[in-house]
Structures are given as C-alpha cells and as structure tokens.
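Here are my notes on this structure, set out for a colleague who has not seen it before. Please read them beside the sequence and the model.

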Amino acid sequence: MNDIFDFGFALHILPMLAKAAVVTVEMTLAGFLVALPVGLVLVSLRLYAPRPVSMATVGIIEFIRGTPLLAQLFFMYFVFPLWGIDLSATAIGILALGMHYGAYYSEVYRGGIESVPRGQWEACTALSIPRRYVWQHVILPQALRNVLPALGNYVISMVKETPFLFVISVPEMVSVQQPIC
C-alpha cells in the first residue's frame, strides 16, 4: 500500500477539480436563488392563505422536508420525462436543490416573521399604516435580521449536498476524478 502523496497526480487533476468547483458554486448559487422565492411563496401560503390551502402547504412542506434530497433528485430525473417535462440534468439539479431548500427556507422565514414582537403589528394597525408599507419597512427588516444566520447555514448545507448531483450526471467534483482513477 502506497501512502505517499503523489504531487504529480494532484497537479494533473487540479484544473479539472477547479472546473468542477466552479460547477459546485454555480449549482449552489442557482439553487439558493431558486430556494429564496420558493420559501417566500410557501411561507406566504402557509400563513396567509385560506385554511385548506394553508393545510395543503403544510403537508407539502413537511413531505419535502421529510424526504431525502437524493430521492427527490431520482424522482425528478426519472419521472419528469415520463410526464413530458424534459429538463437537463443541471436544470433538474437546480430545481431539486431549490425546492428542497425552499421548504426549509419557508420554515426559517416563518420563524423570522413570528419572532417580530406582536406589538409591532398592533402599533402599525393602530396607526393605520398600509399593509404593504408595514411589510416592507417594519416586519421584513426585523425578520430578515433574525433569519440571515439560518439561511447562511442552509447555504453551507447546500454546498455539502451538491455531490448528490453526481447521480444524475452533473459534472460535479465527485465525478471529476472518476475517469482518472
């Protein structure tokens, strides 16, 4: 067993690893950009839609959070074409990351919104401030400050889960070394 580090091999694969690292960052950023609005839509439906829609949204959120990302990837990759939805592996990877983490982001957003003291809402109502202004200038700035650390943690988790995209043939860092070894 050879335990000596091979610098020649490392230098040989470094350009390929760098290219794959760019794919990892791109997939993470794209998934993040999909997850942000998905989370907002889900939390809006959960908190402010009529009760049947709200309950259905809770079921969807819990289902997505309760199934592994790998299962969601396989489902989207193999079932979507049967339904006539023909997307590339990269698009499916971004969509899967976005939907998966969007469900988690919705819960983070909900916690941030609910962390704003009730008195803030009551004061705005007492002053007859328009609802849109209340959201833009009172509630969301306070909620955003509370949710940023959790969103950052989920971005880090997304970076760590991008190697799962290898199973649907996205040229990620895990797959780069396969042809060489």
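1. Glu107 is a convenient place to begin in this predicted model, and this residue lies in helix α4, which covers residues 89-115. Its relative accessible area comes to 14%, and because buried is taken to mean under 20%, Glu107 counts as buried.

2. Once the neighbours within four places in sequence are set aside, the residues in contact with Glu107 are Arg46, Ile61 and Arg65.

3. Turning to the fold as a whole, the protein is built from seven helices and has zero strands, so that, read from the N terminus, the order of elements is α-α-α-α-α-α-α. The protein is more spread out than a compact globule, because its radius of gyration is 21 Å, whereas the globule rule gives 16 Å for 181 residues. Along the principal axes, the C-alpha atoms occupy a box of roughly 75 × 40 × 25 Å.

4. As for burial and surface, 34% of the 181 residues in the protein are buried, and the protein exposes about 10900 Å², of which 69% is supplied by carbon and sulfur atoms.

5. On contacts across the sequence, if one takes those between residues at least 6 apart, 75% of them join residues that are at least 24 apart.

6. Finally, on charge, the protein carries 10 positive and 10 negative charges, and the mean positions of these two sets lie 16 Å apart.

Methods: Residues are numbered from 1 along each chain as its sequence is written. This is a predicted model: local features need pLDDT of at least 70, side-chain atom pairs count only at pLDDT 80 or more; totals for chains, interfaces and linings use all residues. Side-chain values use heavy atoms; hydrogens and water are left out. Helices (H or I, at least four residues) and strands (E, at least two) are DSSP runs, numbered from the N terminus. The radius of gyration is taken over C-alpha atoms; the globule rule is 2.2 Å times the number of residues to the power 0.38. Buried means under 20% relative accessible area, exposed over 50%, partly exposed in between (1.4 Å probe, protein chains only). Contact means heavy atoms within 4.5 Å. Accessible areas come from the Shrake-Rupley method with a 1.4 Å probe; for residues, only the protein chains shown count as cover. Lys and Arg count as positive and Asp and Glu as negative; His and the chain ends are not counted. The place of a charge is taken as NZ of Lys, CZ of Arg, CG of Asp or CD of Glu.
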